[in-house]
Amino acid sequence: MRADGKLAKEKSVIASAIPYIMPKRYDAQNFITEYADMEILRKYIHAKRKEGIRIPYMTLILAAYFRAYQENPKINRFVMNKRIYDRNHFCVSFMILKKRADGMPDETSIKVFFEDGDDVFSINRKIEGSIAKNQDSSVNNATDRFARFMLSLPLLPTLVVGLVKLLDRYGLLPRRIIDLSPFHTSLFITNLASINTSAIFHHCYEFGTTGVFVCMGKPVANYINGEYRKKLIPLSCVLDERICTGHEYAQFWASFQRYLKHPELLENGTRE
């Protein structure tokens, strides 16, 4: 039993064997590009704005992902030490830009936890609150402070990371350290559209337990027979194939697309 999960029971013999055949996450990466219909999301965003609620595109994508995960929980599994685990929570990691006290841009990682009962509105509040808290140049979150401490002494980063990897490998890493690490996450997402950059396929980190990495790119035009139809948001996804079968991944993406096409389904009616 790990602090962040327990051994998965419902898996086939083949699924159990695959982590021994592909022990590294970078051996087991699959790539797929999904598309979100920007026109549908834009209409929803504008409708909510008229109600005084500002919801970004990334929040809608995360809310759709979370709802699809609830219907297909195996997407939240991870592999460690050649064993498949069911994660006992759901969280999302991403990077944000902030300005240092000297005015120079800097990056910091954020990790947001979602819970059963969360809808698009509560997810939006959690993300907005976390971003607002961490964008202040005078604020260093716990992850930043830990990283700064590691880099303060020669050899310390190598020793600390080595120890963390060892403890993680044998399920002894404390939950407090897991919660600090952006690499121990259900989903890592990056929004390159915010800096007007095309989507890339970003690797899933070997360090930690990231099973899925999603990259939002700048919108692209969709043409059919040379005729412009609409704008799409490309989502470049890198997946650890060991956590799900192809059929289970297909079911997840079908659910995900259903919620992207009908964002009103992401509401539970709670808008505190």
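What is the volume of the largest cavity? In this predicted model, the largest cavity has a volume of about 40 Å³, and the count of cavities of 30 Å³ or more comes to one. Its lining consists of Ile61, Leu62, Tyr65, Leu187, Ile189, Val214, Leu235, Cys237, Trp253 and Phe256. Two or more residues of this lining are given by each of helix H3 (57-71), strand E7 (187-191), strand E10 (227-240) and helix H8 (246-261), and H3 makes the greatest contribution, with three residues. By class, the lining of the largest cavity divides into 10 nonpolar residues, with no polar and no charged ones.

Two of the cavity-lining residues, Tyr65 and Phe256, also form an aromatic pair with edge-to-face geometry, in which the ring centres are 6.1 Å apart and the planes stand at 75 degrees to each other. Because Tyr65 lies in helix H3 and Phe256 in helix H8, this pair ties together parts that are 191 residues apart in sequence. Both partners are shielded from solvent by the accessibility criterion: Tyr65 is buried, with a relative accessible area of 2%, and Phe256 likewise counts as buried, at 2% relative accessibility. A contrasting geometry is found for Phe78 and Tyr85, which form a stacked pair with 5.4 Å between the ring centres and 10 degrees between the planes. Of these two residues, Phe78 is buried, with a relative accessible area of 1%, and Tyr85 is buried as well, with a value of 8%.

In total, the count of aromatic pairs comes to 19. Ring pairs join Tyr65, Phe66, Tyr69, Phe90, Phe114, Phe252, Trp253 and Phe256 into a cluster, and Tyr65, Trp253 and Phe256 are also among the residues that line the largest cavity. Aromatic faces are in addition approached by arginine side chains. Arg2 lies over the face of Tyr85, at 5.5 Å from the ring centre, and the ring of Tyr85 is thus placed in contact terms with both Arg2 and its stacked partner Phe78. Arg258, for its part, lies over the face of Tyr259, at 5.0 Å from the ring centre.The open space of the model was examined alongside the enclosed cavity. About 760 Å³ of space lies in the largest pocket, which is lined by 30 residues, with Met95, Thr190, Asn191, Leu192 and Ser194 lying nearest the pocket centre. The elements that give two or more residues to the lining of this pocket are H3, strand E5 (90-99), helix H4 (120-135), E7 and strand E8 (212-216). H3 and E7 are therefore named both for the lining of the pocket and for that of the largest cavity. The lining of the largest pocket comprises 21 nonpolar, seven polar and two charged residues, whereas no polar and no charged residues occur in the lining of the largest cavity.

The cysteines were considered with respect to covalent links. A disulfide is a covalent bond between the sulfur atoms of two cysteines, and the structure holds zero disulfides. For Cys215, the closest cysteine sulfur is that of Cys237, at 9.1 Å, which is too far for a bond; Cys215 is moreover buried, with a relative accessible area of 0%. Cys237, the residue that carries this closest sulfur, is itself part of the lining of the largest cavity. For Cys244, the closest cysteine sulfur belongs to Cys204, at 12 Å, again too far for a bond, and Cys244 is buried, with a relative accessible area of 9%.

Backbone geometry was noted at two residues of one loop. Most residues other than glycine have a negative phi. Asn81, although it is not a glycine, has a positive phi of about 55 degrees, and this residue is found in the loop between strand E3 (77-80) and strand E4 (83-87). Lys82 lies in the loop between E3 and E4 too, and its phi is near 70 degrees, a positive value in a residue other than glycine. Asn81 counts as partly exposed, at 26% relative accessibility, and Lys82 counts as partly exposed at 28%.

Note on methods. Residues numbered from 1 in each chain as written. Predicted model: local features only at pLDDT ≥ 70, side-chain atom pairs only at ≥ 80, totals over all residues. Heavy atoms only, no water. 1 Å grid on protein atoms, 1.4 Å probe; cavity = no way out; pocket = protein on both sides within 12 Å on 5 of 7 lines; lining within 4 Å. Points joined across faces, edges and corners; volume = space filled by probe spheres on them. Helix = DSSP H or I, 4+ residues; strand = E, 2+ residues; numbered from the N terminus. Nonpolar A, V, L, I, M, F, W, Y, C, P; charged D, E, K, R; others polar. Disulfide = S-S within 2.5 Å. Buried < 20%, exposed > 50% of the residue type's maximum accessible area, 1.4 Å probe, protein only. Phe/Tyr/Trp six-rings, centres within 6.5 Å; stacked < 30°, edge-to-face > 60°. Lys NZ or Arg CZ within 6 Å of the ring centre and 35° of its normal.
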